[in-house]
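Biologist: Thanks for sitting down with me. Could you walk me through this one, question by question?

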Amino acid sequence: MTGARDATCIWLYAVTRDPPEDEVRGVAGEPVRAIREAGLAAYAGDVPTSEFGEPAVRRNLESLDWLAGAARAHDAVVRAAVARGATIPVRLVTLFSDDGSVRELLRDRASDFEAALGRLDGRTEWGVKVYGAEPEQAEEQAPASGETASNPGTSYLLRRRAARIERERRVRAATEHVDRLHARLTAHSVAERLHGLGGAVAREGEGTLLLNGAYLVENKRFAEFNDAVNAERGPGDVRVQLTGPWPPYSFAYVPGLSDV
Amino acid sequence: MSVNGGLPDVSGSSGAPANLGDILERVLDKGLVIAGDIRVNLLDIELLTVKLRLVVASLETAREVGIDWWERDPWLQGREDDHDRDRGRELESENRRLRRRVAALEADGRRELESGSADDLDDLDEFDEDEERDRQEKRR
């Protein structure tokens, strides 16, 4: 607004209790600092308004390269905070004009933030994805039918029927496997969230996404959780992938604030 | 990464390194929403994933970072463009050919099955639909 070349605004990364220990660099390469209030520390960076403020940031978000850089840098700062203790990750592009506004937020919501941090203490988010075979693949793998017919037309139809039955059987088996797995993982975690299956996660050659779950797991119980991930081999064409450790992005819930 | 309270050592486990697709999914769609005093319309941010599909200049770049979901999205594929209309016509005529072929096979099949098991006739009836769907899936 001022048009000053070096005008900055505040980019918020996370809310936690402890300030950064070592030097951490943020989305603009700026040193990340803590804005402290009411026993809380907000990880914040002073970023140039010309690139990260309104309206520039909105335009920049539409560049995949810019977004990728910002997302990775944001994630790196959040991870640095997690390394110090319980951390509430803040969504990308949360901007404030000055320290006072951030302090006011921390002060007004101190007990809510503290309660949220309490839920995250000693716990870590893990991601579990399950992929099934692409429909065509499953069909190719269909076993030759034992039934035979002398007429080529009929035998073709019988093969087609066998392929269809086989496909349905595979889908059913994979679904049941995923349900059992999710139930087991839920039992070994303190909270779980199912992310969308149609979202930005399908990748070339990985098959059909059957489960995309996030689980908040007690660090002390991770071994059991990990065992639960690998406990049961699913149908041959089902692949289970564990991702993490993640900052608790999927469990960054603060009553009152999150209801907006 | 180490965490107060003892984060398990995962070097030996199957925890995959974070790829950009996973990171974007979390920093854009998850994480605490706080309305800063500089308002960036949150709706814009939520629409970002949609916008992304439209602004990605190079499909290769996008695939490198593991994003290709728009290729499966009928809405974004613009089913109504010329190319697809052509494809639609192609499919229609192929479908007609197939129906004729099926009719012929059915005639054969019925003769064959009169001496065999009768419940296969049900499958013959389902065949039309099934085949059509499969063809269309393959084409995608």
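Biologist: Where does Ala38(A) lie?

Modeller: Happy to help, and please keep in mind that this is a predicted model. Ala38(A) has a phi near 55 degrees, a positive value in a residue other than glycine. Its place in chain A is the loop between strand 2 and strand 3.

Biologist: Is Ala38(A) buried, exposed or partly exposed?

Modeller: A residue needs 20 or more other C-beta atoms within 10 Å to be buried, and 12 or fewer to be exposed. Ala38(A) has 14 such atoms, so the class is partly exposed.

Biologist: And Val93(A), buried or exposed?

Modeller: Val93(A) also is not a glycine and has a positive phi, about 65 degrees. This valine is found in the loop between strand 4 and strand 5 (95-96) of chain A. Most residues other than glycine have a negative phi. With 26 other C-beta atoms within 10 Å, Val93(A) is buried.

Biologist: Which residue is joined to Glu54(A) by a cis peptide bond?

Modeller: Most peptide bonds are trans. Here omega is about 0 degrees, and the partner sits in the loop between helix 1 (49-52) and helix 2 (56-60) of chain A. That partner is Pro55(A).

Biologist: Which element of chain A holds Pro245(A)?

Modeller: The bond leading into Pro245(A) from Gly244(A) is cis, with omega near 5 degrees. Pro245(A) itself belongs to strand 9.

Biologist: Why does Val32(A) count as buried?

Modeller: Val32(A) sits in the loop between strand 1 (8-16) and strand 2 (33-37) of chain A. Beyond its sequence neighbours within four places, Val32(A) has contacts that include Tyr13(A), Pro20(A), Tyr43(A) and Val77(A). Val32(A) is buried because its C-beta neighbours inside 10 Å number 23.

Biologist: How far apart are the C-alpha atoms of Val32(A) and Asp22(A)?

Modeller: Along the chain, these two are ten residues apart. Val24(A), Arg25(A) and Gly26(A) are among the residues in contact with Val32(A). The C-alpha separation of Val32(A) and Asp22(A) is 9.7 Å.

Biologist: Why do the buried residues of helix 5 of chain A lie on the same side?

Modeller: The buried residues of helix 5 (residues 110-120) are Phe113(A), Ala116(A) and Leu120(A). The face turned away from them carries the exposed Ser111(A), Ala115(A) and Gly118(A). Phe113(A), Ala116(A) and Leu120(A) share a side because the arc they cover around the axis is only 65 degrees.

Biologist: What covers the buried residues of helix 5 of chain A?

Modeller: After the helix comes Gly122(A), with a positive phi near 65 degrees. The cover over the buried residues of helix 5 includes strand 1, strand 3 (40-48), strand 4 (87-89), helix 4 (99-108) and strand 6 (123-132) of chain A.

Biologist: Which residue of chain B does Ile88(A) touch?

Modeller: Ile88(A) is one of the four residues that touch the most other members of the largest nonpolar core, along with Leu12(A), Tyr13(A) and Ala44(A). Leaving out residues up to four places away, its contacts include Phe113(A), Ala116(A) and Leu120(A). Among them too, from chain B, is Leu32(B).

Biologist: Which element gives the largest share of the core of 72 residues?

Modeller: In soluble globular proteins, nonpolar side chains tend to be buried together. In the largest nonpolar core, with its 72 residues, the largest share is eight residues, from helix 3 (residues 64-82) of chain A.

Biologist: How do helix 3 of chain A and helix 1 of chain B lie to each other?

Modeller: Their axes come within 10 Å and cross at roughly 75 degrees. The contact includes Ala68(A), Ala71(A) and Arg72(A) on the chain A helix, and Ile23(B), Leu24(B) and Val27(B) on the chain B helix. The residues of this contact divide into six nonpolar, one polar and two charged. Angles from 65 to 115 degrees count as roughly perpendicular, so helix 3 of chain A and helix 1 of chain B are roughly perpendicular.

Biologist: Finally, what share of chain B is buried?

Modeller: Chain B has six helices and zero strands. Of its contacts between residues at least 6 apart in sequence, 53% join residues at least 24 apart. Among the 140 residues of chain B, the buried share is 17%.

Notes
Residues are numbered from 1 along each chain as its sequence is written. Chains are lettered from A and ligands numbered from 1 in the order in which they are written. This is a predicted model: local features need pLDDT of at least 70, side-chain atom pairs count only at pLDDT 80 or more; totals for chains, interfaces and linings use all residues. Helices (H or I, at least four residues) and strands (E, at least two) are DSSP runs, numbered from the N terminus. Two residues are in contact if their C-beta atoms, placed from the backbone, lie within 7 Å. The arc is that of the directions from the helix axis to the C-beta atoms. A nonpolar core is a set of buried Ala, Val, Leu, Ile, Met, Phe, Trp, Tyr and Cys residues joined through C-beta atoms within 7 Å. Axes are lines fitted to C-alpha atoms, for helices over the stretch in contact, and angles run from 0 to 180 degrees between N-to-C directions. Angles under 35 degrees count as roughly parallel, over 145 as roughly antiparallel, 65 to 115 as roughly perpendicular and the rest as oblique. Ala, Val, Leu, Ile, Met, Phe, Trp, Tyr, Cys and Pro count as nonpolar, Asp, Glu, Lys and Arg as charged, and the others, Gly among them, as polar.
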